[in-house]
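Let's walk through this model together, starting from one helix and working outwards. Please keep the 3D view open as you read.

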Amino acid sequence: MHVISELPEIYFFEMRLRATTEQGYRVATNALIRFAGDCLIDEIDRKTVLSWRKSVLGSDIKEVSWNTYARHLRALFGYAIKNNLTSLLENPFEGCGVRCPNRPPKTVKQRLIRDSRIILVGMARSEMKTLIMASLHPAWFWRTVFETFFYTGIRANELLNLRPIDVDLENMTICIHPEVSKNFDEHYVPIHSRLAKYLKILLLNAKARGISSTEQLFNVNKFSQRHMRRTMDMNQLSRFYTALSRKLGVHVSPHRFRHTIATDLMRQPKCNLHIVKDLLGHRSISTTLKYVHVDVDQVRYALEEMR
């Protein structure tokens, strides 16, 4: 007999998962434990799951978060049933997902991009002039992070795992290795000419700081006295975007740049879904379609073209 907290580790021992994916399973498991306690797996029935859903949905978590919890826990309990770790015959998390309401498009408006650059440029100039650390320090580094997400649309985890050797300024490409790619596929992202100068400065500073060709490139801890960790993690990246969002008054995040670049590219006459799919590293065009948003002005223009 096993308690809930044991299930993820048993599952991880057999499955090949990344650390970030494992963390998602642990978050879902801990959320269940907070509601039901660390009881035996057998004690979690469908009534318990539905009661948990009713108690947290809309107040503590949103629909999309609940569905993520349910998906992870459905996999864990399905594994437990299949491998006789429980006497349960049916998966209590089967079919307990909820319909998510349609949200506004997750794109970053040009005004916010402009305002973000103004903020980061102002901070960078202030740091150079006064030698006093800005609130977003070092500003030149965070500007490079911002521009990399804007011009490439890569995932946050992919950026955090980039190494100097992955950035080829001669051929103007960034290599996303299968070990860090979400779908385990290696792909190359072209470097925009406007991004190249920021990456060149980053690579020069990385070399000056003794970062080897196979070490983490985007590591704020190497360029700042304020940050003292060995490697840069998702928490440090999230804190930057949280602070920037507060200054803008609107939420911005790395993932929203993926929606933005997909939508902007599809507005170009010579672009097609296959180009966007390859850039974002998707296997399926159906996934890419979720990242492309049509606004009211585009619909209006199409209607006006009717004869």
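Helices (H or I, at least four residues) and strands (E, at least two) are DSSP runs, numbered from the N terminus. This is a predicted model, where local features need pLDDT of at least 70, side-chain atom pairs count only at pLDDT 80 or more, and totals for chains, interfaces and linings use all residues. Residues are numbered from 1 along each chain as its sequence is written, and side-chain values use heavy atoms, with hydrogens and water left out.

Begin at α8 (193-208). After this helix comes Gly210, with a positive phi near 80°. The buried residues of α8 (under 20% relative accessible area, 1.4 Å probe, protein chains only) are Leu195, Ala196, Tyr198, Leu199, Leu202, Leu203 and Ala206. Their cover includes α6, β1 (167-168) and β2.

Now follow α6 (139-152) inwards. With 8 residues, α6 gives the largest share of the largest nonpolar core; such a core is a set of buried Ala, Val, Leu, Ile, Met, Phe, Trp, Tyr and Cys residues joined through side-chain atoms within 4.5 Å. This core has 56 residues, and among those touching the most other members are Phe141, Trp142 and Phe149. Beyond its neighbours within four places in sequence, Phe141 is in contact (heavy atoms within 4.5 Å) with Leu202, Phe218, Asn219, Val220, Phe223 and Met232.

Finally, step back to the whole chain. Its domain assignment gives domain 1 (5-83) and domain 2 (110-290), with bounds from an automatic or database domain assignment. Their C-alpha centres lie 32 Å apart.

How values were computed: Buried means under 20% relative accessible area, exposed over 50%, partly exposed in between (1.4 Å probe, protein chains only).
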